[in-house]
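Colleague: I would like a close look at a single part of this model, starting from one side chain and working outwards to what surrounds it. Please give the cut-offs as you go.

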Amino acid sequence: MTEQEIIEQLHPDLQKVIENAKGICEVPFKVVEGKRSKYRQDLLWYKGEDMSDQTSRSLGCAITVCAYLDDIPCFGLEIYMEIADAFRYAGQNTKVDIMWGGTGKINLSEHHELMDKIYEKVEFTIRPRIHHFELYYEK
């Protein structure tokens, strides 16, 4: 599936945020996964990759991104902090609340401090999912 096909299956608000983030982010990134089937979610849960119920995935409200520098995938925290900043500003620009897996369930739109300060506040009980973004909804 191409990146565009993945994006087309997502919630329209998330599509707007992605488009805006791609326009302002200096780090090239691709959406590599979006809406999941129940089979795929169950497989990832069984393998220990994603232990949440991931309702947001089944509704097309969450994505996995991968950063690239010179067409090489990158996984460093600093790079994903730059992408998270782009998503934060994109959420503010489009008036769509967004959260980043690197900060748990924090609504990025409500925070104006530097991303590293936001990240420092978070206590992790599991590994952070720095490549994960989703729409923020009060539950």
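Colleague: Where is the place of Lys-16?

Modeller: Lys-16 has its place in helix H2, where helices (H or I, at least four residues) and strands (E, at least two) are DSSP runs numbered from the N terminus. This is a predicted model, in which local features need pLDDT of at least 70 and side-chain atom pairs count only at pLDDT 80 or more, while totals for chains, interfaces and linings use all residues. Residues are numbered from 1 along each chain as its sequence is written, and side-chain values use heavy atoms, with hydrogens and water left out.

With a relative accessible area of 41%, Lys-16 is partly exposed, a class that lies between buried (under 20%) and exposed (over 50%), for a 1.4 Å probe and protein chains only. Leaving aside residues up to four places away in sequence, Lys-16 touches Thr-94 and Val-96, contact being heavy atoms within 4.5 Å. A further link to a remote stretch of sequence is the pair Lys-16 and Gly-91, which are 75 residues apart in sequence but 8.6 Å apart in space, C-alpha to C-alpha.

Both Gly-91 and Thr-94 belong to H5, and the packing of the two helices gives Lys-16 its setting. Two packed helices are described by the angle between their axes and the distance between the axes. The axes of H2 (residues 12-24) and H5 (residues 77-94) come within 8 Å and cross at roughly 125 degrees, with axes fitted to C-alpha atoms over the stretch in contact and angles run from 0 to 180 degrees between N-to-C directions. H2 is therefore oblique to H5, since under 35 degrees is roughly parallel, over 145 roughly antiparallel, 65 to 115 roughly perpendicular and the rest oblique. The crossing of H2 and H5 is right-handed, the near helix being turned clockwise from the far one by less than a right angle. From H2, Lys-16, Val-17, Ile-18, Asn-20, Ala-21 and Ile-24 take part, and they meet Ala-86, Phe-87, Tyr-89, Ala-90, Gly-91, Asn-93 and Thr-94 of H5. By class, this contact holds eight nonpolar, four polar and one charged residues, where Ala, Val, Leu, Ile, Met, Phe, Trp, Tyr, Cys and Pro count as nonpolar, Asp, Glu, Lys and Arg as charged, and the others, Gly among them, as polar.

For the wider setting, the protein chain has six helices and five strands, and 46% of its 139 residues count as buried. Among contacts in the chain with a separation of 6 or more, residues 24 or more positions apart account for 64%.

Strand E2 (residues 62-69) is mostly covered, with seven of its eight residues buried. E2 runs antiparallel to E1 (residues 29-33), to which four bridges join it, and it pairs in the antiparallel sense with E5 (residues 132-135) over three bridges; pairing requires at least two DSSP bridges. The bridge partners include Cys-66 for Lys-30 of E1 and His-132 of E5 for Thr-64. Three bridges also join E2 to E3 (residues 72-74), again antiparallel, with Leu-69 and Ile-72 as bridge partners.

In the loop between E2 and E3, Asp-70 has a positive phi of about 55 degrees although it is not a glycine, and Asp-71, found in this loop too, has one of about 65 degrees. Most residues other than glycine have a negative phi. Asp-70 counts as exposed at 75% relative accessibility, as does Asp-71 at 70%.
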